[in-house]
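Trainee: Got a minute to walk me through this one? I'd like to start with the overall layout and then look at some helix packing.
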Amino acid sequence: MVNNQNFIDIVHKLGEKGYPLTGVYRRIQDKELFLAAYGKLYANPGATTAGTDPEDTVDGMSMARIEAILKQLHDGTYQWKPVRRVHVPKVNGKTRPLGIPSWGDKLVQEVMRMVLEAYYEPRFSSYSHGFRPNKSCHTALKQIHHSWKGTKWFIEGDIKGCFDSIDHQVLLEILARNIKDNRFLKLLRQMLQAGYLEDWKYHNTYSGTPQGGIVSPILANIFLNELDQYIEEKLMPDYNKDRLRRIDPEYQKIENRIFRARKQGEKELAKELEKKRRQIPSRDPFDPNYRFLRYCRYADDFILGFAGPRAEAEEIKQKIKSFLKMIKLELSEEKTLITHATTENAHFLGYDIRVAKDNNQMPKQSSQRKTRRMRAINMLPVLSVPSKVASFWKKKYTKNGKPVNRPELLQCSDFEIVTTYGSEFRGIVNYYSMAYNVARSFYPVKYMFMESAARTLANKHKISRNRVYAKYKRTSEHGVKALIVEAPNHNHPEKPYYAKLGEKPIRTSFATVAQDKIEKFYVDRNELVQRLLAETCELCGSKVGIAVHHIRKLADMKKKFQGRNSIPDWAKFMLTRNRKTVVVCHNCHTQIHAGRYDGTKVNQD
């Protein structure tokens with residue numbers, strides 16, 4: 001274990017220093033790396049989803065399965081299975097194709113991902129935010145808000161079918177610059193060309209990285225890092241000129257007049273001149289020598305901010321288009337828009353973005369022990385909730401303008417109903433917390449959510465909404481009205497559980513930044529791996545044919561056995577320990593799946 005942790009650390013240091021990477025294929029053939037991969041992946045709900053092989057899922061995971069994969073890798077006989085293609089709906093009514101790999105392929109991909117991320121993460125651009133540790137949509141938006149002041153044009157980038165269009169040969173050539181291991185590159189090539197099954201018909205894959213694959217996000221970032229480097233090393237130096245615009249001559253004249261008026265004691269004249277000065281930009285917006293170019297990318301979505309003439313913004317767009325052609329990607333002419341920053345909204349990561357133009361708001365600014373009023377809001381990027389987003393969520397649980405109940409939740413407990421509404425509402429409000437109009441947009445949504453939740457509870461119990469509100473509507477600790485349901489905590493009766501909907505005030509905030517759930521590279525044995533390595537059935541104590549029984553969600557099991565007088569001992573074992581897994585022998589595992597487990601003995605150690 002220590003040797004392989006050192007290996008990952010060495011890979012990371014090689015990436016930081018820009019040295020080539022060798023001997024990867026040999027080093028990934030290690031049990032500890034696969035155990036670490038298993039420890040990271042098993043908890044995902046998709047781990048129990050079958051690929052093209054219905055028998056190859058996380059359920060029944062054992063050391064024998066890992067050893068079989070390692071032997072195939074050692075012999076060079078490992079065969080990637082085609083991914084199972086499914087289509088998931090998008091908000092705009094279209095669908096997105098996802099490729100679901102089999103469990104064994106997921107394990108191998110996760111090991112490859114750990115190595116690739118350790119090496120490439122320090123080499124990625126600071127302007128890239130998608131699918132990276134400690135990065136997210138919020139870090140991208142925060143970067144725009146804090147450092148794009150004075151932007152005149154937004155260039156909204158859109159790559160046609162980016163993930164499906166990544167050229168395999170170009171990707172492998174990019175990887176081969178730094179990874180000097182042909183067997184590892186061959187393994188990657190075979191994965192990319194494994195094909196997919198759709199409606200049980202096999203299709204070859206000639207380009208693209210399958211969305212849904214474990215290693216696909218890091219491969220896409222490696223590929224699009226070429227675009228990042230081109231913009232950062234070529235375009236930005238060419239179009240960033242002068243650190244500041246020159247002082248506006250008219251502004252300077254009024255500044256001099258104010259100085260003389262104050263010196264001569266003409267306070268009223270000075271105040272009038274200050275009002276006049278406020279309507280004039282301090283820096284010349286038409287300075288011919290000033291330019292700046294900013295850039296931000298999240299996955300295949302990117303945006304540039306430019307201060308300069310529109311003709312040069314068009315020139316930048318065409319240069320990016322030409323570069324993308326060199327790496328065999330195509331820029332969408334229709335969707336790649338050039339937007340005037342102060343009169344139109346640009347769209348990025350679900351937000352509207354524009355540049356504020358307000359000469360009258362004068363917040364206090366402190367510098368060098370002095371406090372003075374400045375037009376700090378003027379020309380500052382402003383994030384807002386698009387009207388269609390607020391309208392969508394306002395109408396989600398309404399019919400003909402009136403809130404309606406949700407029949408699919410009628411079988412749930414009151415606690416689960418309020419939890420479902422509350423988690424959904426908190427999610428959308430937290431995502432749009434950086435918008436200046438988040439409160440105005442989502443307080444009407446909160447009302448609709450609370451009304452829909454109350455109607456669902458009323459329908460369940462056949463009572464009026466007023467009785468529901470009388471029972472559950474409370475003033476939260478934050479001083480706002482909310483639906484709050486209490487549930488007992490059997491382990492700690494003094495600390496009951498609470499389900500809450502709308503318990504916090506809705507405010508604009510940059511303090512909390514939601515981060516993508518991207519695992520950092522490490523090699524470690526978590527609690528489940530240690531239980532598996534103990535090689536003892538947790539139900540009967542046997543040491544023969546040890547594997548791990550998995551379920552998709554613990555909540556599914558709670559619903560299944562809710563209200564039953566007798567619960568199988570294996571289910572009791574998982575429910576009392578709040579685990580989705582139980583380590584079992586072959587005999588117990590077979591009986592659990594057949595529904596015949598008799599629970600003759602449960603190992604309590």
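Mentor: Sure. Helices (H or I, at least four residues) and strands (E, at least two) are DSSP runs, numbered from the N terminus. By that count the chain has 21 helices and 22 strands. Keep in mind that this is a predicted model, where local features need pLDDT of at least 70, side-chain atom pairs count only at pLDDT 80 or more, and totals for chains, interfaces and linings use all residues. Residues are numbered from 1 along each chain as its sequence is written, and side-chain values use heavy atoms, with hydrogens and water left out.

Trainee: What does the C-alpha trace span along its principal axes?
Mentor: About 100 × 70 × 50 Å.

Trainee: And how much of the chain is buried?
Mentor: 48% of the 605 residues; buried means under 20% relative accessible area, with a 1.4 Å probe and protein chains only.

Trainee: OK, helices. What's the story with α5?
Mentor: All the way in: 18 of the 18 residues of α5 are buried, so the rest of the structure largely encloses it. From first C-alpha to last, α5 reaches 25 Å, close to the 26 Å expected at 1.5 Å a residue (that is 1.5 Å times one less than the number of residues).

Trainee: How does α5 pack with α10?
Mentor: Helix α5 (residues 103-120) and helix α10 (residues 216-239) sit with axes 9 Å apart, at an angle of about 30 degrees. Axes here are lines fitted to C-alpha atoms over the stretch in contact, and angles run from 0 to 180 degrees between N-to-C directions. α5 and α10 are therefore roughly parallel, a label for angles under 35 degrees.

Trainee: Which residues meet there?
Mentor: R113, L116, E117 and Y120 from α5 meet I218, L219 and I222 from α10, where contact means heavy atoms within 4.5 Å. They divide into five nonpolar, no polar and two charged; Ala, Val, Leu, Ile, Met, Phe, Trp, Tyr, Cys and Pro count as nonpolar, Asp, Glu, Lys and Arg as charged, and the others, Gly among them, as polar.

Trainee: Switching pairs: at what angle do α11 and α12 cross?
Mentor: Roughly 165 degrees for helix α11 (residues 249-263) and helix α12 (residues 267-278), whose axes come within 9 Å. That makes α11 roughly antiparallel to α12, the term for angles over 145 degrees. The contact includes I254 and I258 of α11 and L269 and L273 of α12. By class, this contact has seven nonpolar, no polar and six charged residues.

Trainee: Last one: what comes just after α16?
Mentor: K462, with a positive phi of about 60 degrees.

Methods:
Parallel < 35°, antiparallel > 145°, perpendicular 65-115°, else oblique. Buried < 20%, exposed > 50% of the residue type's maximum accessible area, 1.4 Å probe, protein only.
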